[in-house]
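Here is a short briefing on one protein model. Keep the structure open beside the text as you read.

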Amino acid sequence: MSKARRNPLEQLSLEQLRRRTSQKWSAHSSDLLPLWVAEMDVPLAPPVADALRNAIDIGDTGYAARRGYAEAVACFASTRWNWSDLPVADTRVLPDVMTGIVEVLRVSTEPGDAVIVTTPVYAPFFSYVSHADRIIVEAPLTSAGRLDIDSIGEAIARVQSSGRRCVVLLCNPHNPTGTVHTRSELESLARVARDAGVRVLSDEIHGPLVLPGATFIPYLTVDNSENAIAFTSASKGWNLAGLKAAIAIAGSDATEDLRSVPAEIDYAPSHLGVMSHSVAFEQGTAWLDDLLAGLDANRTLLGDLIRDHLPHVSWIPPEGTYLAWLDCRRMGVERATDNGTFAVATDIDGPAKLFHDRARVALNSGHIFGLGGEGFVRLNFATSRTVLTTALTRMGAAAATLAY
Ligand SMILES: Cc1ncc(COP(=O)(O)O)c(C=O)c1O
């Protein structure tokens with residue numbers, strides 16, 4: 001089969017996608033091109049689709065047995081990330097990454113303790129943490145989108161000197177910037193965290209989505225990372241967010257806490273979720289490689305389109321994820337309101353509102369990602385070249401209506 005035919009991003013028509021009922025395709029009216037929430041415009045990987053069809057055929061829709069997920073991730077981690085000793089016995093199967101993070105926060109911290117996040121960062125970190133009665137402390141990334149270890153160290157010191165405890169909630173790879181943290185950056189973080197006696201929670205949901213040119217480093221494989229819990233899932237890599245499942249993996253100093261997460265969590269994952277995620281990690285690597293090649297090509301195309309249509313927009317091409325973090329500050333579009341809906345994914349304002357209203361393209365507004373997000377938009381490029389080209393052409397025409 002030719003490379004183009006194998007590209008999962010080129011296999012569904014816009015008409016087929018508009019028949020979808022998931023968030024991405026149902027939140028906006030049908031004249032908008034939705035390039036916002038992290039869902040991909042791809043069909044399922046064939047082994048995943050076959051497993052699900054088979055389960056439906058025999059009515060295999062009972063409670064999740066949870067077997068096989070950790071082993072599938074361990075096998076993938078060993079061949080893909082060179083992580084040969086993933087501690088399968090020290091894992092818990094979860095309904096999803098965010099629920100897992102909250103449950104681990106509850107056993108690792110007390111209400112009023114702090115959670116340090118490196119902003120701009122995945123917006124639901126703010127809402128889930130605050131609903132769990134923990135307080136967000138922001139340690140912004142550098143202007144190049146890298147971890148600022150000094151700033152994280154200072155945030156830890158500030159929290160501890162106020163008598164509170166904290167954890168660091170890392171996004172590895174990083175959403176929305178697509179930064180893939182290097183081993184040396186993660187080692188520096190691990191040293192700072194160890195010296196301060198602080199646990200790291202590493203959200204690695206985008207780990208399978210590292211693009212050519214970068215290497216994903218699982219946090220638990222770096223020196224001094226024993227007091228950490230990592231979270232991963234096939235939800236992003238194989239577009240299975242609607243089939244709920246994820247996994248937490250404890251470092252050797254965090255095993256007791258992960259074990260102490262209440263047993264009720266074991267009933268929350270979906271059986272079809274655990275099954276499909278396990279198949280994805282075990283048998284979905286060829287499909288994933290085709291996807292990554294398509295995303296790499298889209299990343300190049302997006303660079304060309306930005307240059308041709310949006311001369312006032314700049315970006316640092318992402319090393320991982322399918323998210324582009326576009327700096328629109330030179331367009332000079334202010335946020336119309338500060339209505340307190342910060343971190344709500346559908347709060348579209350500033351440049352995202354201009355593109356929504358005048359280009360009919362739905363993006364995520366940068367301000368919802370915390371400090372450093374104002375004036376940016378997040379664009380999901382896991383779509384076809386045609387949709388991407390149409391969207392950027394329309395965005396260019398909308399930007400051209402501004403008087404510079
Ligand atoms: C960094 C990050 N964490 C967590 C999630 C949500 O994962 P889940 O649905 O498993 O909670 C996403 C979804 O886009 C994400 O980007």
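Gly-197 comes just after helix H9 and takes a positive phi of about 70°. The model is a predicted one. The helix before this glycine is covered next, followed by two buried residues and the domain contact.

**Helix H9**
- H9 runs over residues 183-196, 14 residues in total.
- Its end C-alpha atoms are 20 Å apart. At 1.5 Å a residue the helix should span 20 Å, so the two values agree.
- Six positions are listed as buried in H9: Glu-185, Leu-186, Ser-188, Leu-189, Ala-190 and Ala-193.
- What do the buried residues of H9 pack against? Their partners are helix H8 (149-161), strand E5 (166-171) and strand E6 (199-203).

**Trp-315**
- Trp-315 sits in strand E9, which covers residues 314-315.
- Its relative accessible area is 18%. The cut-off for buried is under 20%, so Trp-315 counts as buried.
- Leu-326 lies eleven residues from Trp-315 along the chain, yet their C-alpha atoms are separated by 5.0 Å.
- Leu-326 is also among the contacts of Trp-315, once neighbours within four places in sequence are left aside. Ala-324 and Trp-325 are on that list too.
- The other contacts of Trp-315 are Arg-299, Leu-302, Gly-303 and Ile-306.

**Asp-349**
- Asp-349 belongs to the loop between strand E10 (323-327) and helix H13 (351-359).
- Is Asp-349 buried or exposed? Asp-349 is buried, and it has no salt bridge.
- The nearest side chain of opposite charge is that of Arg-335, 4.9 Å away. A salt bridge requires the nitrogen within 4 Å of a carboxyl oxygen, so this pair does not qualify.
- Arg-335 does touch Asp-349, as do Glu-334, Ala-336 and Thr-337. Ser-365 and His-367 complete the list, which does not count residues up to four places away in sequence.

**Two domains**
- Domain 1 comprises 3-45 + 285-399, and domain 2 comprises 69-283.
- Taken over C-alpha atoms, the domain centres are 25 Å apart.
- How many residues of domain 1 are in contact with domain 2? There are 35, and they meet 36 residues of domain 2.
- The two domains bury about 2,800 Å² between them. Carbon and sulfur atoms account for 61% of that area.
- Two salt bridges are counted between domain 1 and domain 2.

**A salt bridge**
- Glu-319 pairs with Arg-146 in a salt bridge. The closest N and O atoms of this pair are 3.0 Å apart.

Definitions and conventions. Residues numbered from 1 in each chain as written. Predicted model: local features only at pLDDT ≥ 70, side-chain atom pairs only at ≥ 80, totals over all residues. Heavy atoms only, no water. Helix = DSSP H or I, 4+ residues; strand = E, 2+ residues; numbered from the N terminus. Expected span 1.5 Å × (residues − 1). Buried < 20%, exposed > 50% of the residue type's maximum accessible area, 1.4 Å probe, protein only. Contact = heavy atoms within 4.5 Å. Lys, Arg positive; Asp, Glu negative; His and termini not counted. Domains from an automatic or database assignment. Buried area = accessible area lost by both parts, 1.4 Å probe.
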